[in-house]
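Reader: Could you take me through some of the terms used for this structure, and show how each one is justified?

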Amino acid sequence: MATTFDEKIPFEKNGLQLYGLFKRGDQDRALPLVVLLHGGGTTAAYFDNSAVSVVQNFHSLGHDVLNISRPGYAGNAIPASEKPMTDSIPVFIDFIEKVYTEKSSARHCNGGIVLFGHSLGGAFSLSITAEAQDRLPLLGVSALGCAPVPDRKILLVDPDPEPSNPRYVVETNPENIRKFMGEVEWLNLDALEPELVAQVFEPGIKSEIREFSSDEFYDYLVNRVYPAIRVPVQYLCAESEIVWGNEKEARPIFDNLVSRFTNAPEVDSAILPRGGHNYEFSLNAGTLWEKRKTFLKKLINKAASFSSNGATTNNIVKEGAFTSVPVIDYAEAASPSTRPAFLKALKAAIVNVGFFYLKNTGVPDDVQSEFTKQSIALFNLPLEKKLEIEMVNSKHFLGYARLGQEITALKNDYREQFDFATELPAPGPEEPLYRNLRGPNQWPDPKALPHFRAAIESYMDHIDKLAESFKSLVAEALDLPPTAFDQFFDYPQQNKLKLIKYPEPINSKANEDVQGVGPHKDSCFLTFLMQGTPHTGLEVQNKAGTWLPVKPIPGTLVINIGRALEAITGGVCTATTHRVNLRAENYKDAQGNSLGPRYSFAIFQGVSLDLGMEKINISIPQHIKDLVKDEKVRSDAEATFNQMFNGNIGEGTLIARITSHQDVAQRWYPGLLAQALQAQKDKYQ
Ligand SMILES: [Fe+2]
């Protein structure tokens, strides 16, 4: 009955004790290291016992396997912390890194790591992925039976019959046991001999389950971890889980959870039939193994060398992944003889890449240089002058935001910014509240910057014209009538301008990624970005998961697709994930001289605030749809849109602004803020 491993590796950090059971695979093949994380109320033997051995299964394929025995279980001291989950995530990351770099054969060829977690171990695996994907070569993550639901503290008996016991009372009610194991006829009863049960199952830790059931942890996991993951995800639950009894009950909860993986390049999700939470013990466990094996094989087949900048993430090559951002010549659009070539290049860029440089933009050099000069001058005003136009003054969410106020993908962004928009009057009291997204700008004191407003408005006028023309060019590139998209815009349409300064981060080390703005997709129709200084910093992620730098090219704008255009075209146009990376070397020129702060200026082309999914009825020609082979990509686009713009774009955007700028919301929309925060919790209960 002993579990099989070659080496027991103890580890202790921050008062948390754990160990790894390491089983060496085929050294010559150097396949990815498989890491297993068991759930609450079970031990590492869950993955390796006489009846069921996930360790043996992976080992038989040639992998090194690290089966982690978590703090509090199988002889490891029970964590003293109130937040044992939060506290152990960084400890797991350190431990996995240590085993990967010291023990695994995969380390010789950067073969990578794949995480498999069960139950709470699934929640850990996903959290580790989100937190460590820039540090460890994680190829993918698979979670089974991790179905967080807010406010379901059902595992703890209330009132607690043994408050002094840190472990919860063992469940003996057969009805509840079936919830874990599934119906009796689904169970591998031979596997449940008392000796094995004693080895595999151990009463869970109360503090752990309390933390997992808390609103804070739910919010962390579902609203921060899931969307932050940028590697392939396998997300599996059983037909009978702790929080549901059958597939019908499961479906809305499960689909909601799956939809939160908005940045994962692929999500292989399934509700596994005829089995319970501890699916390994069902008669149908073979289905689970086939799923895991297929997921792992796919990751290996596509694994490739690390990206050129040394980033250790997402090193999987997909067919058709772009390797550079194309440059398109806008001058070609003007002449009938070159227009077909222009449209062909535009089609390739918007379908395959989602990003392109545009040269010969028609924006006069002097307009652009005066705009840049005035924008930088605005940042250089004394802080008190900038605070005169702080965003909190504006119910339209326009104005100044100080350094480090925004959070993207779990971390604070390192930038200072001003939001402006097409100058529009505030809406009347009879109009829907979301129209408050439109309104007048907060202009800086003209005594301090007399030429600022004219310079900004002149530049915005030129970009508005360009945006207007791309509305029809994109339609034509997709073989639609030039006016096909007109119905999706307001008249006048509000476009937004964001002026951004990224100061050089203090104390950053060479070759270390520093988040300027975390990985995200824009939500607009198109973004028109001017990189105001020569810094490299903007990076886009191709379908292989590799980050490619979008170096500034003088005289060009960078144009990229937002989620609104992606949704309007049913996913045919790609909204591509991008980020700003403030590595120390990005702040030096070729001679090693400092470039000073990085500035970039983005204009986001809006769409109608009244637009809802039901109004999107464009029929894209089949030959264009065929360019995107992956049906899933298209259906995901629609799901994401519905998720983001619940109702219509105006309502969805207002709620998004309210939750991301809570200081503004507290002042102008206190009732709605409270509702929005409550709704976030209640939505899928
Ligand atoms: Fe962006």
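Author: The turns below set values against definitions.
This is a predicted model, in which local features need pLDDT of at least 70 and side-chain atom pairs count only at pLDDT 80 or more, while totals for chains, interfaces and linings use all residues. Residues are numbered from 1 along each chain as its sequence is written.

Reader: Why is Arg-274 called partly exposed?
Author: A residue is buried if 20 or more other C-beta atoms, placed from the backbone, lie within 10 Å of its own, exposed if 12 or fewer, and partly exposed in between. Arg-274 has 17 C-beta neighbours inside 10 Å and therefore counts as partly exposed. Arg-274 lies in the loop between β8 (267-272) and α9 (285-302), and its phi is near 50°, a positive value in a residue other than glycine.

Reader: What makes Asp-479 partly exposed?
Author: Asp-479 counts as partly exposed because it has 13 C-beta neighbours inside 10 Å. Asp-479 sits in the loop between α14 and β15, with a positive phi of about 55° although it is not a glycine.

Reader: Why is a positive phi worth pointing out in residues other than glycine?
Author: Most residues other than glycine have a negative phi.

Reader: What is the span of helix α8 set against?
Author: The expected span is 1.5 Å times one less than the number of residues. Helix α8 (residues 247-259) has 13 residues and reaches 17 Å from its first C-alpha to its last, close to the 18 Å expected.

Reader: Where does α8 bend?
Author: The bend, about 25°, is at Ile-253, taken as the angle between axes fitted to the seven residues ending there and the seven starting there.

Methods: Helices (H or I, at least four residues) and strands (E, at least two) are DSSP runs, numbered from the N terminus.
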